[in-house]
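Subject: Structure handover

Hi,

Here is the structure for you to look through. My notes are underneath.

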Amino acid sequence: MRIVGLTGGIGSGKSTVSNLFKANGIPVVDADVVARNVLKKGTGGWRKVVAAFGNEILLPSGEVDRPKLGQIVFNDPDKRQLLNRLLAPYISSGILLEVLKLWMKGCKVIVLDVPLLFEAKMDRWTTPIIVVWVDPKTQLERLMSRDGTTAEEANSRINAQMPLDLKKTKADIVIDNSGSLDDLNESFREALVRVKKPLTWTEFGLSRDGALVAFVSVLCGVILCRKAL
């Protein structure tokens, strides 16, 4: 099984690339979706976060006011690290469960869409690693346009993340999304060719079919040994 790591920065267009993978039949495990699920009312993650940040982050329904929580942690590095520490075990378990589901379905290639791929050390389990990169000026302009924020607010959110230029140095594949949609599609097609290349023997061995072949081989070996005796 090939587990592809996909990451980027806020406003880089990572979600667009993630959707392109889905459109081309590659299943995607989205860490943001998992994170939303672990923050639902009554879950373990919800209880931990409410205990740490107080009831003021809750909506009248009891659900977490995600924009309000986001504003709190983006402006305070210590609180951001606290939130990450509280939710990391739940998010990791949720991602593992989704990967296991896809493994059981026999998927040979999946994409892990994780904004904090490097920060959470999840890059160790993925190859190749794809970084969706955009130049700083374009990133700022897109974020301001998308969220209707000021330059100061947008820069604050950008600076709360690992710099895209640093992520770029850690990538196996860089998709430059500074240009047009046609440029992005061309870069994506090139990346897709590499992602869909035949599995290595190690990757095949980690797939469901590889595990089945190994099991059958061992079983046949046992049967043959018993007959020889």
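Below are notes on one helix pair and two buried residues.

This is a predicted model: local features need pLDDT of at least 70, side-chain atom pairs count only at pLDDT 80 or more, and totals for chains, interfaces and linings use all residues. Residues are numbered from 1 along each chain as its sequence is written, and side-chain values use heavy atoms, with hydrogens and water left out.

Helix pair. Helices (H or I, at least four residues) and strands (E, at least two) are DSSP runs, numbered from the N terminus. The axes of helix 4 (residues 66-74) and helix 5 (residues 77-104) cross at roughly 125° and come within 6 Å. Axes are lines fitted to C-alpha atoms, for helices over the stretch in contact, and angles run from 0 to 180 degrees between N-to-C directions. Helix 4 is therefore oblique to helix 5 (under 35 degrees is roughly parallel, over 145 roughly antiparallel, 65 to 115 roughly perpendicular, the rest oblique). Leu69, Ile72, Val73 and Phe74 of helix 4 contact Pro77, Lys79, Arg80 and Leu83 of helix 5 (heavy atoms within 4.5 Å).

Ser18. This residue sits in helix 1 (residues 14-23). Ser18 counts as buried because its relative accessibility is 2% (buried is under 20% relative accessible area, exposed over 50%, partly exposed in between; 1.4 Å probe, protein chains only). Leaving out residues up to four places away in sequence, Ser18 touches Leu6, Val28 and Asp113.

Met1. Met1 lies in the segment before strand 1 (2-7). Met1 is buried too, at 8% relative accessibility. Its C-alpha atom is 7.4 Å from that of Leu199, 198 residues away along the chain.

Best wishes
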